[in-house]
Structures are given as C-alpha cells and as structure tokens.
Amino acid sequence: MRATVLVRPKPGILDPQGQAVESSLRHLGFEVSDARVGRLVDVDVATDDKTEALAQLERMCEQLLTNPLIESYEIELEQA
Amino acid sequence: MSDARPVIPVIVWPGSNDDRDAQLALERLGVEAPRIWHTDEALPRETAAVVLPGGFSYGDYLRCGAIARFSPVLRAVEAFAAEGGLVLGICNGFQILTEAGLLPGVLRPNASLSFVCRDVRLNVEQTDTPFTSRCVDGQELTIPVKHGDGCWFADDELLGELDANGQLVLRYAAGENPNGAIADVAGVINAAGNVFGLMPHPEHAVDPLLGSADGALILGSLVDAARLSLAAAV
C-alpha cells in the first residue's frame, strides 16, 4: 500500500528554511507570509490492510521519520 | 591512581571525520583510544569511557544523527551508559546522543542556515562533572565549532528543568552564539551526570599550536574520570 508521510516543523518552532523561502518569494513579488518547510516521505508498505498500514506508519514516524520534540506528522494512504 | 592506560574507544560511522583527531588528542592525554566500527556489537571489555566523534554520519540524511542511532554499536553504548559508563559526544556525536534519547533536546539547522567554522568563547557553567572537572567555576574556554546543525533546542519546560538541575554545562559567551541555540547552550549533560554532549570540538584545541589548548581541559577531565573508574574497578 502506497503511503505519504508529511513531516512539519511544529508551530512555534523556529524554521529558518521557511523564513528563507518566504523571503525569496517576497523578492519575486508574491505577497506571502508564514512559509514553513517540512519533509515528504513516499513509501510502499507491504500490507493491504489499512489499519495495519497506519499502525506501522505511526511507529515509523515515532521511531525514525520525525523527532517528536520539534516535528509533527500527517499520514496519507493512497486510496485502493 | 592506577598507572594503567585507560581505554576510551572512539566510535566510527560512515561519514565520521573527527575520529582520528579525537584518537590523537586522547592518546596525547595518556589513553588508549581504539577506533571502533559502527557495526561492532560490543565495546572493548576494558572500556573506561566512550567518545562519539564529529562528522556527518550517514551523510546527515533525514536529520543529523537520526540514522546512526540505530547502528549496532549504539546498543552497546546505551547499555554502557545505563550502567553509569562515561559517554562524550562531540558535534555529530552530540546529535546522535540527542536522537538516541541519551541527552535532552535536539540539534537543528543553524538559525543562519550557514555552516559556521570558527573559534568560539564558552563559559563553563558547571565544574562538578566528569567532563569539566579540570575547569574552574566561570572559566572561559576558547574552542572551535564547525557545524551546520548546532542550534540546540528545548521547549521552555524542559529548558527550565535542565537549568534547575545544572545540566546546561557549557554556554556560548555573550555575543558568541554561532547557531541560534536557545539560552546559548553549547553543551548538555544527562540527569545522571555520565553522558555529555557539546557542539564545540575539544579535540581540535589540544595544543597552543592549534590556537588553543582549552579542549584538553574537557578531554583531560574525561581521562581523569576514566582513570578513577579504572582504579575503582581494580
């Protein structure tokens, strides 16, 4: 089952990368604010069971894909 | 005090690059410092302390230190630390220890987003640790940093707790913070007092020829503590 994990810096965590991106967007003339840069992980999980896949993905996020002190995550499963 | 040379292994991951400097610095302080490959599942039996060196283990993929923490040797380091063994993490080693949960907080990209490589002045905030015992209270040290991800962070609650416990052992001197670390924190010790991590590189400051020998105070403190543990074990 194909899954996408979105990792974001938690609210309130300083995100210098987001600030740099926002500043560049402003230089290009876009009226933007509060840009935040996270990370995206696409992965195939070897199960067709949605509940099992979600459970595994949550463990992946907690053990490796995120640092819970500074990052939150969101899991998206591809519709079968 | 024992005349035997304490054994302080230096762990090597793919991408470590300060392991030889750490080895050399420790050897000059009278220590045997074998370099241990990350796939080893055990530390040498006579290990008196362990050093996790600087570098870019696993290319800093995902987050600095996030992959190295799963290497077999780290299980051995965790077991060693759990029994009170002395563990020192320098730069990437510090990052690995925070990712492994052996030290509090996390190291994030520098606020400037730039790699920084220069001498910094540090204040020693605690001298009653095995890593700073050769320093005097309030002593200022000059030790170089070289990192892109040295911005130590803890939320207010954790920061307050660490401060109250005296765990914020090293801070950048006023105006010196090179990375935006919260509360100017440069080095943190665990609650038990046997695991310490710092962003500056003491192994690069062990001889006046290098611009400073202040790093030898940190490593020398560790060597003193290792000798004591050796003597206690006899």
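**Close-up 1. The surroundings of B:Ile8 in the predicted model.** Setting aside neighbours within four places in sequence, B:Ile8 is in contact with B:Leu26, B:Val31, B:Ala33, B:Ala48, B:Ala49, B:Val50, B:Val51 and B:Ala226; contact here means that the C-beta atoms of two residues, placed from the backbone, lie within 7 Å. B:Ile8 also appears, with B:Val50, B:Val87, B:Leu88 and B:Leu222, among the residues that touch the most other members of the largest nonpolar core, which has 76 residues. Such a core is a set of buried Ala, Val, Leu, Ile, Met, Phe, Trp, Tyr and Cys residues joined through C-beta atoms within 7 Å. Helix α5 (residues 215–233) of chain B gives the most to this core, with seven residues.

A note on reading these views: residues are numbered from 1 along each chain as its sequence is written, and chains are lettered from A and ligands numbered from 1 in the order in which they are written. Because this is a predicted model, local features need pLDDT of at least 70 and side-chain atom pairs count only at pLDDT 80 or more, while totals for chains, interfaces and linings use all residues.

**Close-up 2. The two faces of helix α2 (residues 72–82) of chain B.** Look for the buried residues B:Val73, B:Leu74, B:Ala76, B:Val77, B:Phe80 and B:Ala81. Seen down the axis of α2(B), they fall within an arc of 155 degrees, so they line one face of the helix; the arc is that of the directions from the helix axis to the C-beta atoms. A residue is buried if 20 or more other C-beta atoms lie within 10 Å of its own, exposed if 12 or fewer, and partly exposed in between. The buried residues of α2(B) pack against β1 (10–12), β2 (35–37), β3 (49–52), β4 (86–90) and β11 (195–198) of chain B. The face turned away carries the exposed residues B:Pro72, B:Ala79 and B:Ala82.

**Close-up 3. Strand β10 (residues 185–189) of chain B and its partners.** Five of the five residues of β10(B) are buried, so the strand is largely enclosed by the rest of the structure. Helices (H or I, at least four residues) and strands (E, at least two) are DSSP runs, numbered from the N terminus, and two strands pair if DSSP finds at least two bridges between them. Strand β9 (residues 170–172) of chain B runs antiparallel to β10(B), joined by two bridges, with B:Leu170 opposite B:Gly187. β10(B) and β11(B) are also paired in the antiparallel sense, over three bridges, and there B:Gly187 has B:Leu198 as its bridge partner.
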